[in-house]
Amino acid sequence: MTSFARKLLPLLLAAAIPSVAGAADYTVQQASSKLGFSSNFQGQNFDGTFNKWTAAISYDATKLATSKFDVEVDLTSAKTGDNDRDGALPGADFFNAAKFPKAHFVTTTFRQNGTQVVADGNLTLRGVTKPVSLNVSFKPQGAGATLDVTGTVKRLDFGVGGGEYADTSVIGPDVKINAHLTLTAK
Amino acid sequence: MSLRSNDRQWGSVAKFFHWLMALAILGNGIFGLCMDFAHSPMQKIGWFAWHKSIGLTVLALFLLRLLWRAVDRRPPDEPGPRWQRAAAHMVHGLLYVLIVALPLSGWWFNSLRGFPLQWFKLFNLPALTGKNEELAHTVIGIHEYLFYFLLLVLVAHAGAALKHHVFDNDNVLRRMLPFGKLRGTNSQGEKP
């Protein structure tokens, strides 16, 4: 083997490995992406969004084993269109953002459920880590893709709104997650 | 006592509406003024929910009462000076207006604040208008002062009734009392 080949081989391997072993990495276009949630208060649904979050997305529909989502959410950035509620959410009774400023979701496995791709992962929120599953809809578009994710989180699993706020006849038990991400290839 | 009113006294349905609504309006008004004493936000939410549910009930009872009034005959005025009868009718009219205005102004405030409106956790009612927190500030003042005004009108209403009962010894109050026995020659109020 020539010295040229000896130098080139690791480079070739390095270049080849991600395309063989890993899913493609994407950058999130924050301006056109949204991390939303909705729940229920006194029989009325409300929608909210997190304005500050980051997501590392590696995904390939044919390489689910190496796909991965890693999302970090700033819990002080929740907005629901009501000042009282927005003021209460980061407080100790709900997210307790002073002690746990961020929520973290990382996938463990992706599985095919019929035609639906489901991402199983762990959500760490308010110091509690529990499994959460999300439905994934990934649509390649040109050099990038759009990624839509939906799922349900039981707020009381994480102690969000515990104590007297645990009354689910006033504050609904389920928080529906809906995210729309615009991705460009890295 | 019959369900319907007769020429001498109010029937039990009219009495039922009168006293139940009197109790609900007074109770809910005083309760409403105390709601700031809730010791926690969740208790306040719960108290407001009760206040709103009772207020909506008053509104519904009022509509039923109007319906009943339309089909029920009403006893004619007890004899008295013309100005007293006119004043009594004016006060009744004012009370009717306030009975509607109080819950509606509360509903209006609730809508302006963007709060849900739920009746005893059973069903929700829509907002009357979009969110406007600045206007909400004014409307909650109106809601509160309407109750103070109602108390004033009530002083005239109940004061006059008591005056007739205690000083004039007539049937003005007796014919509306739940188990009132009428005074005078035809004290049964209705023929068997």
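This passage describes the predicted model of chains A and B, its confidence, its elements, its cores and its interface. Residues are numbered from 1 along each chain as its sequence is written, and chains are lettered from A in the order in which they are written. Because the model is predicted, local features need pLDDT of at least 70 and side-chain atom pairs count only at pLDDT 80 or more, whereas totals for chains, interfaces and linings use all residues.

The model scores ipTM 0.80 and pTM 0.83. In chain B the mean pLDDT (the predictor's confidence in each residue, from 0 to 100) is 91, and 95% of the residues reach 70 or more. Among the elements of chain B (helices are DSSP runs of H or I with at least four residues, strands runs of E with at least two, numbered from the N terminus), confidence is highest in strand β1 (residues 118–119), at 98, and lowest in helix α4 (residues 133–168), at a mean of 94. Residues 186–192 of chain B have pLDDT below 50, and this stretch has nine contacts beyond near neighbours in sequence; two residues are in contact if their C-beta atoms, placed from the backbone, lie within 7 Å. Where pLDDT is low, predicted coordinates should not be read in detail.

Chain A contains two helices and eleven strands, in the order α-β-β-β-β-β-β-α-β-β-β-β-β from the N terminus. Of its contacts with a separation of 6 or more, 57% join residues 24 or more positions apart. Of the 186 residues of chain A, 25% count as buried, that is, with 20 or more other C-beta atoms, placed from the backbone, within 10 Å of their own.

The largest nonpolar core (buried Ala, Val, Leu, Ile, Met, Phe, Trp, Tyr and Cys residues joined through C-beta atoms within 7 Å) has 36 residues, and A55(A), I57(A), V73(A) and L181(A) have the most contacts inside it. Apart from neighbours within four places in sequence, I57(A) contacts Y26(A), V28(A), F69(A), L147(A), L181(A) and L183(A). A second, separate core of eight residues includes I25(B), I54(B), L102(B) and F147(B).

I54(B) is also one of the buried residues of helix α2 of chain B, together with A49(B), K52(B), G55(B), V58(B) and R65(B). Their cover includes α1 (12–34), α3 (82–113) and β1 of chain B. Helix α2 (residues 41–71) of chain B has 31 residues and reaches 45 Å from its first C-alpha to its last, close to the 45 Å expected at 1.5 Å a residue, where the expected span is 1.5 Å times one less than the number of residues.

At the interface, nine residues of chain A contact nine residues of chain B.

Technical notes
A residue is buried if 20 or more other C-beta atoms lie within 10 Å of its own, exposed if 12 or fewer, and partly exposed in between; C-beta atoms are placed from the backbone.
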